[in-house]
Amino acid sequence: MQPFEEIDVLDLTQSIAGPVSTQFLAMLGANVVKVEPPEGDTFRGLLGGAMFASVNLAGKRSVCLDMKTDEGQAAARELADQADVVVESFRPGVVEKFGLDYDSVSETNEDVVYLSLTGFGQEGPYTEWPAYDPIIQAMSGLMSTIGYEDRPPVRIGASVIDWGTGTTAAFLLASALLEREQTGAGEYIDVNLFEVATAWMGYWIAHYTGSGEIAERSGTGFAGLAPNEVFHAADDDPFYLSVVNDHFFERLCETIDREDLITDDRFHTNEQRWENRADLREILNDEFSDCDRKDLCEQLASAGVPAGPLQHVDEVTEDPHLEARNMLTDSHNLYTDTPVKTANPPFSTTDGRPDLGERPPDQGEHTRAVLEELGYSDEQIERMIEAGAAGPSEGSQ
């Protein structure tokens with residue numbers, strides 16, 4: 001499935017959220033040109049290069065341009081003039097200095113689909129605030145719901161807001177391209193991390209505004225539901241059990257031969273189970289303590305009870321289900337020059353999963369080729385490279 005095969009995308013983003021959005025388009029056929037400053041994307045070296053290696057695949061091409069120079073800005077504007085899609089993640093007001101804001105680009109590229117991806121959006125009290133994923137986890141209320149009640153809140157250990165915002169942006173870009181096919185009109189889209197995270201908190205906001213109750217931290221569980229948390233099988237192997245209604249509780253009790261718990265006055269309803277969750281946790285952990293985790297999870301799943309092992313990353317990379325579905329793919333960490341595996345696209349189509357390619361682009365790897373496509377002469381290209389406007393020496397390759 002390559003619906004964007006004729007679509008040219010100018011990627012003026014760094015970090016994770018923006019690159020995620022353009023990687024989705026790239027894996028579905030788009031020609032993505034990623035513009036980096038001479039020093040490269042600021043995330044190229046973070047986590048030993050692993051972050052960059054996971055969100056800049058699928059054939060993206062890297063061009064180094066110094067936006068502080070007239071020639072760098074002129075080249076970027078030419079790319080914008082030819083692009084079907086422009087995605088930028090600068091703080092509000094910055095792209096105007098380069099003549100790359102929506103109003104400027106749409107003057108000469110009337111049907112462009114243009115998306116600004118920021119921390120807080122284009123207007124409002126926080127517009128100028130810098131933001132990364134954990135800041136948004138904190139400000140959106142998400143972090144306040146994670147952890148134990150008697151301990152400080154904790155952050156989710158992955159860039160979930162970045163990925164959620166990037167995925168939202170990709171959906172919006174695809175939608176705008178479809179609308180352009182129907183109307184011939186371009187579109188301006190404003191999407192930001194704070195609003196995506198706030199949308200994810202929607203049911204907690206509804207719960208508070210309807211009841212006045214503020215979401216509590218519930219450790220490994222979920223406030224108001226029991227048993228719904230981490231339990232331990234033999235050898236203290238952890239697994240998650242999620243019982244959200246009386247029906248699932250009955251199935252659980254039948255599966256472990258403890259039908260007596262169904263009629264126990266403490267556990268008749270979910271409200272009672274939550275109130276007496278400490279007693280229930282102790283009973284269940286005692287029942288599970290002699291069970292092999294793998295066998296137990298399979299038995300519960302077969303009975304229709306949601307349960308699964310709590311796995312560390314090393315276990316995830318060897319998970320037989322992921323292996324059977326070809327969810328991991330070979331790539332290369334350019335920062336450490338190391339072969340690695342990363343996650344494949346989280347979907348498949350009639351033709352299988354899209355191909356992410358063997359590696360992300362070197363910094364400025366495609367500068368010469370892209371500038372040649374714009375009609376720059378060898379002399380101009382060499383001058384830009386020598387002046388540093390087109391990035392390091394890799395840009396001449």
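What covers the buried residues of α7? Let me start there, keeping in mind that what we have on the screen is a predicted model. The covering elements include α1, which is residues 17-27, β4 at 85-88 and β5 at 113-118, and they also include α6 at 133-139, β6 at 187-192 and α8 at 193-200.

The helix itself, α7, runs over residues 160-183, and because a helix is expected to advance 1.5 Å a residue, its 24 residues should span 34 Å, which agrees with the 34 Å between its end C-alpha atoms. The buried positions in α7 are I161, D162, G164, T165, G166, A169, A170, L173, A176, L177 and R180. As background, an α-helix has 3.6 residues a turn, so residues three or four places apart point the same way. After the helix comes G184, which has a positive phi, near 80 degrees.

From α7 we can move to the nonpolar core. The largest one has 41 residues, and V85, L115 and L173 are those with the most contacts inside it. Two or more residues are given to this core by each of α1, β4, β5, α7, β6 and α8. Apart from it lies another core, this one of 27 residues, with V63, A80, Y114 and M384 among them. If we look at V85 in detail, and leave aside residues up to four places away in sequence, V85 touches I7, D8, V9, L10, L25 and V113, and also L173 and L177.

Next, please turn to the strands β10, residues 328-333, and β11, residues 338-343, which pair in the antiparallel sense over 6 bridges. Within that pairing, T329 stands opposite T342 in β11. The two strands form a hairpin with 4 residues between them, and in the turn D337 has a positive phi of about 55 degrees.

Finally, a few points about the loops. In the loop between α9, residues 202-211, and β7, residues 228-232, we find P227, and the peptide bond that joins A226 to P227 is cis, with omega about -5 degrees. Two aspartates then deserve a look, the one being D235, in the loop between β7 and β8, and the other D257, in the loop between α10 and α11. D235 is not a glycine, and yet its phi is positive, at about 60 degrees; D257, also not a glycine, has a positive phi of about 60 degrees as well. Are these residues buried or exposed? D235 is exposed, because its relative accessible area is 72%, and D257 likewise counts as exposed, at 59% relative accessibility.

Notes
Residues are numbered from 1 along each chain as its sequence is written. This is a predicted model: local features need pLDDT of at least 70, side-chain atom pairs count only at pLDDT 80 or more; totals for chains, interfaces and linings use all residues. Side-chain values use heavy atoms; hydrogens and water are left out. The expected span of a helix is 1.5 Å times one less than its number of residues. Buried means under 20% relative accessible area, exposed over 50%, partly exposed in between (1.4 Å probe, protein chains only). Contact means heavy atoms within 4.5 Å. A nonpolar core is a set of buried Ala, Val, Leu, Ile, Met, Phe, Trp, Tyr and Cys residues joined through side-chain atoms within 4.5 Å. Two strands pair if DSSP finds at least two bridges between them.
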